[in-house]
Amino acid sequence: MANVTVIGAQWGDEGKGKIVDWLASRADAVVRFQGGHNAGHTLVVGDQTYKLSLLPSGIVTGTLSIIGNGVVLDPWALKAEVEKLTGQGVVIHDENFAIADNCPLILPIHRELDGLREAAAGAGKIGTTGRGIGPAYEDKVGRRAIRVCDLAHLDALEPQLDRLCAHHDALRAGFGEPPVDRAALIAELKDIAPFVLQFAQPVWKRLKKVRKAGARILFEGAQGVLLDVDHGTYPFVTSSNTVSGTAASGSGLGPSATGFVLGIVKAYTTRVGSGPFPTELEDETGQKLGERGHEFGTVTGRKRRCGWFDAVLVRQSCAISGVTGIALTKLDVLDGFDVVKVCTGYRLRGKILDYFPSHAADQAEVEPIYEEMEGWRETTAGARSWADLPAQAIKYIQRVQELIETPVALVSTSPEREDTILVRDPFQD
Ligand code: GDP
Ligand code: IMO
Ligand code: MG
């Protein structure tokens, strides 16, 4: 199992960036395979904090970083992020960074449409990041997308633009918006094309070569299984498949390439945006989790909703995504609680459920059944070995792995790269 696939096992923001950065120094390539700049991955290395939305987290260690075809790419956001990181001393060039040339683009019209739809949806709004992710994926499956490789052929774009605009002009008219300004769009694309094209290539070929040489590939998921468009809390989800299997289709490698599936799991639960959240705490305890965990979105700055650990959801995510082992993050946030609670099942109209039902109304109605555990007074913050952990914290970890029926491979005890406990090396067989 030379490769590792990192995915979020909750509603995102589990600490994927930190774990990918920690693993990246031992990988030969890091690949993003879905999502776009709706992701916000924070890495803390010494006194430097890096916030990445589109670039794979491996870029900070200088590891070959690849944006796969499964990603939707906003070229202007990419340029801004490359410039920001370069300003922080990160070296990015065509040797250590590549973009799949068959990646669909997020255009300004996608961002506009995302905003128009959310504003019109009233109480039914998804609470998206407003980055145009949904509309861009719709155009991809609708066979109207403009892709990275098209940037090298902008003079031959008319038939595609006809298809794209026929769809968007009708939608825009419904919102009282003028038709797409084709000339302005082409001009903007011409302007950004050279920047993107310097990194563009058939990355499946590059990855094939990397794999043949026996190198280790680290796949970096964005969002989390509960935001998956099929398996998540539909319709309050993102527009991509966030499960581990997407690593293969979203990068151009076969399913055997995914290797060890490392599910990133926060020691409690958070969610940004609308949608059901059975263990949500709208009281002082929820407030305390949010403050201690600094639960504010990296991308939008929105306050994250907080609640106790939901073992039912994580067990389901681990099963759906074939998780081999988990990285349990933010254990330190639970330090100092007298009691910690874990959801072990749901009650729905008099029935006990051991899984999260599919229908939105049922999801909204389930009541969590809690198991209470004694907390710990000692600090786990900064712990780097099992021996540094208080007995009650160890009991908590053990109970979590029992309930989710998946072993713990790593434990994270602070935002800092090295504050990580290794239980089982995901790169090792
Ligand atoms: P991602 O989207 O999954 O990469 O997660 P985010 O970066 O959006 O959110 C996780 C936040 O928690 C970031 O601010 C991290 O720096 C921070 N973090 C990661 N691991 C830990 C941990 O073990 N303890 C604490 N206290 N913070 C952590
Ligand atoms: P990372 O990779 C948390 C949420 C949004 C919204 C829903 C749909 O940092 O874990 P979208 O803009 O994707 O159409 O929004 O998905 N969402 C995330 N929540 N972490 C993320 O990424 C997210 N990316 C999208 O808040 O509820
Ligand atoms: Mg995040």
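## Two pockets and a ligand

The second largest pocket has a volume of about 580 Å³. Its lining holds 27 residues, with Thr42, Gly293, Arg304, Lys330 and Pro415 closest to the centre. Helix H1 (16-24), strand S3 (41-45) and strand S4 (48-52) each give two or more residues to this lining.

This is a predicted model: local features need pLDDT of at least 70, side-chain atom pairs count only at pLDDT 80 or more, and totals for chains, interfaces and linings use all residues. Residues are numbered from 1 along each chain as its sequence is written, chains are lettered from A and ligands numbered from 1 in the order in which they are written, and side-chain values use heavy atoms, without hydrogens and water.

A pocket is an open set of points on a 1 Å grid over the protein atoms alone, where a 1.4 Å probe fits, with protein on both sides within 12 Å along at least five of seven lines; lining residues have an atom within 4 Å of a point.

The largest pocket has a volume of about 810 Å³. Its lining counts 39 residues; Ile126, Thr128, Thr129, Val237 and Thr238 lie nearest the centre. Ligand 2 takes up this space (more than half of its atoms lie within 2 Å of the grid points).

Oxygen atoms of ligand 2 make these polar contacts (pairs of N or O atoms within 3.5 Å):

| Residue | Atom | Distance |
|---|---|---|
| Gly40 | backbone N or O | 2.9 Å |
| His41 | polar side-chain atom | 2.7 Å |
| Thr129 | side-chain N or O | 2.6 Å |

Taken alone, ligand 2 exposes 550 Å² (Shrake-Rupley method, 1.4 Å probe). The protein buries 98% of that.

Definitions and conventions. Polar contact = N/O pair within 3.5 Å; in protein donor to acceptor, adjacent residues only side chain to side chain. Points joined across faces, edges and corners; volume = space filled by probe spheres on them. Helix = DSSP H or I, 4+ residues; strand = E, 2+ residues; numbered from the N terminus.
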